[in-house]
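User: I would like to learn how to read a structural model feature by feature, with the general idea set out before the particular case. Could we work through one together?

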Amino acid sequence: VEIESPDPKGLAERWAQIMESRAQDAGAGRYRIELDAGAIEFLPSSSGEAVFAGVNLEVADVRAILAAAKAQGCTGSEGTVNACGIRFRLTPARAA
């Protein structure tokens, strides 16, 4: 999950405190809280408030999904799919 905020460090630290976890500096103004299955990433934003911005997904066929998204006009920069104002970052699923 990606959350954009004008204060990503402060927001990550607050969430980490609530979750009794730790916010890690991920570089370039980004912060990350590791979860049992995944992570929450806090990204810098110039907007005035924090917003839910994206989801990172592991998928079986990145190319097929990007092709379908392109046909619908839903591709974004850096190989993302954009739908309903949310950015979906696709990565190949790890073998089970």
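User: In which strand does Ala26 lie?

Analyst: Before answering, please keep in mind that this is a predicted model. Ala26 lies in strand β2, and, with 48% relative accessibility, Ala26 counts as partly exposed because the partly exposed class runs between 20% and 50%. Leaving aside neighbours within four places in sequence, Ala26 is in contact with Tyr31 and Arg32.

User: How should I read a sheet, and what is the order of the strands in this one?

Analyst: The general idea is that strands of a sheet pair through backbone hydrogen bonds, in either a parallel or an antiparallel way. Here the sheet is open and has 7 strands, in the order β2-β3-β4-β1-β5-β7-β6, with mixed pairing. The edges are taken by β2 (24-27) and β6 (80-83), each of which has a single partner strand, so one side of each is left without a neighbour in the sheet. From one strand to the next, the twist averages 25°.

User: How many bridges join β1 to β4, and what is the bridge partner of Glu2 in β4?

Analyst: Strand β1 (residues 2-5) and strand β4 (residues 38-44) run parallel and are joined by 4 bridges, and within β4 the partner of Glu2 is Glu41.

User: Which strands does helix α2 lie across?

Analyst: Helix α2 (residues 62-71) lies across β5 (51-59), β6 and β7 (86-92), and the helix runs at about 150° to β7.

User: Turning to charged side chains, what is the general idea, and how many salt bridges are there?

Analyst: Side chains of opposite charge can pair when their charged atoms come close. In this model the count comes to 8 salt bridges. One of them is formed by Glu41 with Arg30, whose closest N and O atoms are 2.9 Å apart; this pair links distant parts of the chain, with Glu41 in strand β4 and Arg30 in strand β3, 11 residues apart. Glu41 is buried, at a relative accessible area of 12%, whereas Arg30 is partly exposed, at 28%.

User: Which residue forms a salt bridge with Glu58, and are the two buried or exposed?

Analyst: Glu58 forms a salt bridge with Arg94, with 2.5 Å between the closest N and O atoms. The pair again links distant parts of the chain, as Glu58 is in strand β5 and Arg94 in the segment after β7, 36 residues apart. Glu58 is partly exposed, with a relative accessible area of 42%, while Arg94 counts as exposed at 67% relative accessibility. There is also a network of salt bridges that links Glu2, Glu4, Glu78, Arg87 and Arg89.

User: Which residues form the nonpolar patch on the surface?

Analyst: The patch is formed by Trp15, Ile18, Met19 and Leu35, which together have about 350 Å² of accessible area. Helix α1 (residues 8-19) supplies the largest share, 3 residues, and Leu35 is found in strand β3 (residues 30-35). Leu35 counts as partly exposed, with 34% relative accessibility.

User: Where is Glu20 found, and what is its phi?

Analyst: Glu20 is found in the loop between α1 and β2, and its phi is near 55°, a positive value in a residue other than glycine. Cys84, in the loop between β6 and β7, has a positive phi of about 55° although it is not a glycine. Glu20 counts as exposed at 76% relative accessibility, and Cys84 counts as exposed at 83%.

Note on methods: Residues are numbered from 1 along each chain as its sequence is written. This is a predicted model: local features need pLDDT of at least 70, side-chain atom pairs count only at pLDDT 80 or more; totals for chains, interfaces and linings use all residues. Side-chain values use heavy atoms; hydrogens and water are left out. Two strands pair if DSSP finds at least two bridges between them. Helices (H or I, at least four residues) and strands (E, at least two) are DSSP runs, numbered from the N terminus. Axes are lines fitted to C-alpha atoms, for helices over the stretch in contact, and angles run from 0 to 180 degrees between N-to-C directions. Contact means heavy atoms within 4.5 Å. Patches are made of residues with over 30% relative accessible area and no salt bridge: like charges are joined within 9 Å, nonpolar side chains (Val, Leu, Ile, Met, Phe, Trp, Tyr) within 5 Å. Accessible areas come from the Shrake-Rupley method with a 1.4 Å probe; for residues, only the protein chains shown count as cover. A salt bridge is a side-chain nitrogen of Lys or Arg within 4 Å of a carboxyl oxygen of Asp or Glu. Buried means under 20% relative accessible area, exposed over 50%, partly exposed in between (1.4 Å probe, protein chains only).
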